[in-house]
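Please look over the sequence and the model below before reading on. The explanation that follows is meant to be read with both in view.

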Amino acid sequence: MAIIAISRQVAALGDELAEQAAKKLGYTFFTRKQIEERIVELGFPKDKLDKYDEKKPGFFASLAKGRDEYLNYLQYAVLEAASKGNCILIGRGAFVILEDIPNLVSLRFVAKEQVRIRRLQEEFGWTEKQAKARIDESQANRRGFHKSFFNVDNEDPSHYLLTINTGSISAQEIVKILECLAKSVPPEKEAVEKQRILNLMKAQDLTNKLLFEYKLNINFLRSVIDESGSVITLQGVADCQAIVDRAVTLAAKILPSCTIKSAVSIVQDFHQ
């Protein structure tokens, strides 16, 4: 069971190559539309999706609770897709969300600017100026998105197993590379990978229940699960101990098989 997470520059053929590789490998390719639809199904308002989806949030959007709500639903949607195994995900910080998964194959597709300008001109009939503006806009949005939501530089090559220049290698050769990488994943690690994803989903589901079903006022709430999957530590910021105690009590009821701990900070008069 291999999971491939692809980060890409605009016009670096990310979607096209992901689709071709999925067909070759017999994998499921989770498209942008499918992840968007799942985020909405989980409860995020569709009319707010455009403010956050792979974009740098504006000043007020970055301060709103919708930002954290989007992130929590996004993380669950990505983990849920990955739990199916033998799949390819593209964009939306999947390479960060899944970085603790043992068999993750994280890739970044790039190409020289002039190559990408030409591709956009051919696809949309744009002028060079229009194509360049689209590239600059996309780069700023994706960089801002990853910095705002994950505090990472998406252009840092250390986040990826491999960076591929799609202007220098043919699509057929790139698909072959992906096929080799997917087949190199040790099958004996599949059970460990599967369990780790399920544990992360369990922790994220707990966070979502506490925030969206029980409406607990804990800012930046995270449920961090240990390797065994039996201990969960709640993290975040609350303005009183009573809310923290309620969160721990509810979490213990939701997941009675887990030990619940709190590392939530108490900050009087904290307002997001």
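The paragraphs below go through the open pockets, the enclosed cavities, the salt bridges and two single residues.

The coordinates come from a predicted model, and the values given here are computed from it. A natural place to begin is the largest pocket, which has a volume of about 890 Å³. Its lining is made up of 35 residues, and those that lie nearest the centre are Asn-72, Gln-75, Gln-204, Leu-221 and Arg-222. Several elements take part in this lining, since helix H5 (65-82), helix H6 (94-97), helix H8, helix H10 (190-213) and strand E6 (219-225) each supply at least two residues. Helix H5 gives the most to the lining of the largest pocket, with 8 residues. Sorted by class, the lining of the largest pocket contains 16 nonpolar, 10 polar and 9 charged residues.

The second largest pocket holds about 550 Å³ of space. It is lined by 26 residues, of which Val-10, Ala-11, Asp-15, Arg-134 and Arg-142 are the closest to its centre. Helix H1 (14-25), helix H7 and helix H8 each contribute at least two residues to the lining of the second largest pocket. In this second pocket the lining divides into 7 nonpolar, 4 polar and 15 charged residues.

Apart from the open pockets, there is also enclosed space to consider. Across the whole structure, a search finds 3 cavities of 30 Å³ or more, and the largest cavity contains about 80 Å³ of space. The residues around the largest cavity are Arg-8, Gln-9, Val-10, Arg-108, Arg-116, Ile-135, Ser-138, Gln-139, Arg-142, Asn-154 and Glu-155. Helix H8 (residues 128-150) provides the largest share of this lining, namely 4 residues. By class, the lining of the largest cavity has 2 nonpolar, 4 polar and 5 charged residues. Val-10 and Arg-142, which belong to the lining of the largest cavity, are also among the residues closest to the centre of the second largest pocket.

Glu-155, one of the residues that line the largest cavity, leads on to the charged pairs. The structure holds 13 salt bridges, and in one of them the side chain of Glu-155 meets that of Arg-143, with an N to O distance of 2.9 Å. Glu-155 lies in the loop between helix H8 and strand E5 (162-165), whereas Arg-143 lies in helix H8, so this salt bridge ties together parts that are 12 residues apart in sequence. Both partners are partly exposed, Glu-155 at a relative accessibility of 30% and Arg-143 at 38%.

Two further salt bridges are found within helices. In helix H7 (residues 113-124), Arg-118 and Glu-122 are 4 residues apart, which means that about one helical turn separates them, and their side chains meet in a salt bridge at 4.0 Å, N to O. Arg-118 is partly exposed, with a relative accessible area of 43%, while Glu-122 counts as exposed at 62% relative accessibility. A spacing of 4 residues, again about one helical turn, separates Glu-36 and Arg-32 in helix H2, and the closest N and O atoms of their salt bridge are 2.9 Å apart. Arg-32, at 36% relative accessibility, counts as partly exposed. Arg-32 and Glu-36 also belong to a network of salt bridges that links them with Asp-53 and Arg-92.

Glu-36 can also be related to Lys-46, which is situated in the loop between helix H2 (32-42) and helix H3 (49-52). The two residues are 10 residues apart along the chain, and their C-alpha atoms are separated by 8.7 Å. Lys-46 counts as exposed because its relative accessibility is 67%, which is to be read against a threshold of over 50%.

How does the setting of Ser-106 compare: is this residue buried or exposed? Ser-106, which is found in strand E4 (residues 104-110), is buried, because its relative accessible area is 8% and the cut-off for a buried residue is under 20%. Leaving aside residues up to four places away in sequence, Ser-106 touches Ala-5, Phe-95, His-159, Tyr-160, Leu-161 and Leu-162. Among these residues, His-159 has its backbone oxygen 3.3 Å from a polar atom of the Ser-106 side chain.

Definitions and conventions. Residues are numbered from 1 along each chain as its sequence is written. This is a predicted model: local features need pLDDT of at least 70, side-chain atom pairs count only at pLDDT 80 or more; totals for chains, interfaces and linings use all residues. Side-chain values use heavy atoms; hydrogens and water are left out. Buried means under 20% relative accessible area, exposed over 50%, partly exposed in between (1.4 Å probe, protein chains only). A polar contact is a pair of N or O atoms within 3.5 Å; within protein, one must be able to donate a hydrogen and the other to accept it, and residues adjacent in sequence count only if both atoms are side-chain atoms. Contact means heavy atoms within 4.5 Å. On a 1 Å grid over the protein atoms alone, a cavity is a set of points where a 1.4 Å probe fits but cannot get out, and a pocket is an open set with protein on both sides within 12 Å along at least five of seven lines; lining residues have an atom within 4 Å of a point. Grid points are joined across faces, edges and corners, and a volume is the space filled by probe spheres set on the points. Ala, Val, Leu, Ile, Met, Phe, Trp, Tyr, Cys and Pro count as nonpolar, Asp, Glu, Lys and Arg as charged, and the others, Gly among them, as polar.
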